[in-house]
Amino acid sequence: MTKHKVFISYYHKDDEEYKNKFEDLFGDIFINKSVKEGDINSELSDEYIKRLIREDYISDSSVVVVLVGPHTYCRKHIDWEIYAGLDNNAGLIGLILPTHSCYSKKKCSNIPKRLAKNVNSDYAKLYNWNENKETMKKMIEEAFENRIKLEDKKEIGGLQMKENRCN
């Protein structure tokens, strides 16, 4: 199986532990294209940060994995990352973390709107966090294939968030 270039989108303040765990568990099955702590100066302008993320990290990623914690839905950078991934024809996966109130439930609210639109259109899939390497390989491969097979279902639209909606 081909190693896909994966961008991991997550809320750094709340979910860094899961991002690190994701990389530890699955880092050998994909090429990591994610922003690392300290890669981008948060004092830079929003427009410059958006451009950096898009051009230096997401532009050649084939799948965006969104780690969905309790506050992920309200973070502007996550919205930007999902938008950039979709605009660059990346597949999309949402992983509900055990810290989220929707973990292990069939329906989920409080997820990023752009992710929710793509789950509702069937372009993206939403899964509960799991630590099985074979399952994760299948999820990433399916998202990679769906970016072509289900391209007509992709929902990029809507303005990008300008402000965080919570802390």
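This report describes the disulfide, the aromatic pairs and selected residue environments of the structure. The model is predicted.

**Disulfide and cysteines**

A search of the whole structure finds one disulfide. The bond is formed by Cys74 and Cys166, whose sulfur atoms are 1.7 Å apart. Cys74 lies in the loop between β3 (63-68) and α3 (76-87), and Cys166 in the segment after α5 (133-149), so the pair ties together parts that are 92 residues apart in sequence. A disulfide is a covalent bond between the sulfur atoms of two cysteines.

The table gives the relative accessibility of Cys74, Cys166, Cys102 and Cys108.

| Residue | Relative accessibility | Class |
|---|---|---|
| Cys74 | 0% | buried |
| Cys166 | 18% | buried |
| Cys102 | 6% | buried |
| Cys108 | 24% | partly exposed |

Cys166, at 18%, counts as buried because the class covers values under 20%. Cys108, at 24%, is partly exposed because its value falls between the 20% and 50% limits.

**Aromatic pairs**

The whole structure contains four aromatic pairs. In one of them, the ring centres of Tyr18 and Trp129 are 5.1 Å apart and the planes stand at 75°, so the pair is edge-to-face. Tyr18 belongs to helix α1 (residues 12-26), whereas Trp129 is in the loop between β5 (125-128) and α5, so this contact of rings ties together parts that are 111 residues apart in sequence. Both residues are classed as buried: Tyr18 has a relative accessible area of 14%, and Trp129 has a relative accessibility of 6%.

Phe22 and Phe26 form an aromatic pair that is also edge-to-face, with 5.1 Å centre to centre and 65° between the planes. These two residues both lie in helix α1, four residues apart, which is about one turn of the helix. Phe22 and Phe26 are both buried. Ring pairs link Tyr18, Phe22, Phe26, Phe30 and Trp129 into a cluster.

A further arrangement involves a charge and a ring: Lys50 lies over the face of Trp80, at 5.1 Å from the ring centre.

**Environment of Ser9**

Ser9 is located in strand β1 (residues 4-9). With 0% relative accessibility, Ser9 counts as buried. Leaving aside residues up to four places away in sequence, Ser9 touches Val64, Val65, Val66, Leu67, Ile78 and Glu81. Of these contacts, Val64, Val65, Val66 and Leu67 fall within the range of β3 (63-68), while Ile78 and Glu81 fall within that of α3 (76-87).

Key. Residues numbered from 1 in each chain as written. Predicted model: local features only at pLDDT ≥ 70, side-chain atom pairs only at ≥ 80, totals over all residues. Heavy atoms only, no water. Disulfide = S-S within 2.5 Å. Buried < 20%, exposed > 50% of the residue type's maximum accessible area, 1.4 Å probe, protein only. Contact = heavy atoms within 4.5 Å. Phe/Tyr/Trp six-rings, centres within 6.5 Å; stacked < 30°, edge-to-face > 60°. Lys NZ or Arg CZ within 6 Å of the ring centre and 35° of its normal.
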